[in-house]
Amino acid sequence: MQRLRLIPPVIIAHRGYRKRYPENTLAAFAAAFDAGARMVELDVTLTRDRRVVVLHDDTLDRTTDGRGQVRGFTLDELKQLDAGSWFDPRFTGERLPTLEEVLDLCAVRGMVNIEIKAGAFEAGRLADAIEEQVLAAVAERGMGDRVLISSFETRFLARIADRTNAPAVGVLTEWRIGSDPLSLCKKLRAFSWHPDFRSVTTARVRAMHAAGIMVFPYTVNRSEDFRGLLQMGVDGIFTDDPTLLQASIRRVAGKKSSSP
Ligand code: G3P
Ligand code: MG
């Protein structure tokens with residue numbers, strides 16, 4: 001399992017610079033790096049012809065001018081859709097990117113967290129399963145030391161953790177944590193824990209750190225929440241607004257350096 005070289009706290013742009021750009025588009029990822037994010041987060045799922053496309057929802061309705069299930073269309077068909085104008089007419093013509101297109105952008109800009117959507121899990125070990133395609137795309141580009149793979153579906157993570165020289169994995173958990181997140185992270189040899197920010201406590205952060213696991217809460221957009229989490233010692237934060245997070249990090253760092 002590879003480890004990422006990071007200087008905490010890391011600004012992780014959730015679906016790109018989602019506050020000001022259409023989420024999960026090349027425009028949103030490029031803007032996030034421009035705004036100071038060190039890592040961008042994206043969501044991947046499979047198309048009808050089993051290509052890896054970047055999109056959060058199972059359906060096209062919210063973030064494109066198409067309708068219906070993503071799995072109902074080929075990549076060529078999905079590439080005809082407009083993924084920008086729903087957000088603002090200025091972004092008309094943005095397309096749904098493939099994972100490979102985003103990796104090519106990140107190769108020269110920064111790190112990337114690939115969240116594999118739980119609905120894309122397939123029980124059989126298919127050669128072109130989404131996790132196999134993700135690992136191949138990362139390896140082809142020599143980006144294993146700059147990629148973090150996460151999922152709410154721990155069976156993806158178990159499969160990846162088994163591989164030699166696999167990229168780092170992050171364990172996503174919901175607000176109401178069912179099982180003990182520390183045991184789960186240890187079992188999956190996780191690099192990081194990605195909790196709903198409302199479930200983070202100082203004790204949990206300390207326990208993760210004692211086990212060598214980083215803590216990256218999602219999805220935080222208010223200054224007061226940034227401040228509280230930074231004071232608890234989290235190692236990075238997923239946000240739709242990297243500019244606001246950067247300002248909070250500077251304020252908290254300024255207070256620490258000026259306190260006696
Ligand atoms: O990976 C953090 C966050 O993206 C998880 O939730 O629904 O925004 O993909 P969601
Ligand atoms: Mg996500």
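Two strands pair if DSSP finds at least two bridges between them. Helices (H or I, at least four residues) and strands (E, at least two) are themselves DSSP runs, numbered from the N terminus.

## Before we start

This is a predicted model, in which local features need pLDDT of at least 70 and side-chain atom pairs count only at pLDDT 80 or more, while totals for chains, interfaces and linings use all residues. Residues are numbered from 1 along each chain as its sequence is written, chains are lettered from A and ligands numbered from 1 in the order in which they are written, and side-chain values use heavy atoms, leaving out hydrogens and water.

## Strands E1 and E9

Let us begin with a pair of strands. E1 covers residues 10-14 and runs parallel to E9, with four bridges joining the two. Across this pairing, Ile 12 stands opposite Phe 238 in E9.

In a regular strand the side chains alternate between the two faces of the sheet. Strand E9 spans residues 236-239; Gly 236 and Phe 238 point one way from this strand, Ile 237 and Thr 239 point the other way, and all are buried. Here, buried means under 20% relative accessible area, exposed means over 50%, and partly exposed lies in between (1.4 Å probe, protein chains only).

## Around E1

Just ahead, Pro 9 lies in the segment before E1. The peptide bond leading from Pro 8 to Pro 9 is cis, with omega near 0°.

On the other side, the loop between E1 and helix H1 (26-34) holds Asn 24. Asn 24 is not a glycine, yet has a positive phi of about 55°; with 2% relative accessibility, this residue counts as buried. Pro 22 also lies in the loop between E1 and H1 and is buried, at 0% relative accessibility. Pro 22 and Phe 91 are 69 residues apart in sequence, but 7.5 Å apart in space, C-alpha to C-alpha.

## Aromatic rings

A pair of aromatic rings is described by the distance of the centres and the angle of the planes. Rings of Phe, Tyr and Trp (its six-membered ring) pair if their centres lie within 6.5 Å; planes under 30 degrees apart count as stacked, over 60 as edge-to-face and the rest as tilted. Searching the whole structure gives six aromatic pairs. One of them joins Tyr 17 and Tyr 21, a tilted pair with 5.8 Å from centre to centre and 45° between the planes. Tyr 17 is buried at 5% relative accessible area, whereas Tyr 21 is partly exposed at 26%. In the pair of Phe 152 and Tyr 218, the ring centres are 6.1 Å apart and the planes stand at 80°, so this pair is edge-to-face. Distant parts of the chain are linked here: Phe 152 is in the loop between strand E5 (147-151) and helix H5 (154-161), and Tyr 218, 66 residues apart from it, is in the loop between strand E8 (214-215) and helix H8 (223-232). Phe 152 is partly exposed at 31%, while Tyr 218 is buried at 14%.

Ring pairs also tie Tyr 17, Tyr 21, Trp 86, Phe 87 and Phe 91 into a cluster. Elsewhere, Trp 175 has charges over its ring (NZ of Lys or CZ of Arg within 6 Å of the ring centre and within 35 degrees of the ring normal). The charged end of Arg 176 sits 4.1 Å from the centre of the Trp 175 ring, and that of Arg 198 sits 3.9 Å from it.

## The ligand and its surroundings

Which residues surround ligand 1? They are His 14, Arg 15, Glu 41, Asp 43, His 56, Glu 115, Lys 117, Phe 152, Leu 172 and Tyr 218, counting a residue as near if one of its heavy atoms lies within 4 Å.

A polar contact is a pair of N or O atoms within 3.5 Å; within protein, one must be able to donate a hydrogen and the other to accept it, and residues adjacent in sequence count only if both atoms are side-chain atoms. An N or O atom in the side chain of His 14 is 2.7 Å from an oxygen atom of ligand 1. Polar side-chain atoms of Arg 15 and Glu 41 also approach oxygen atoms of the ligand, at 2.8 Å for Arg 15 and 2.6 Å for Glu 41. Taken alone, ligand 1 exposes 290 Å², and the protein buries 89% of that (accessible areas come from the Shrake-Rupley method with a 1.4 Å probe; for residues, only the protein chains shown count as cover).
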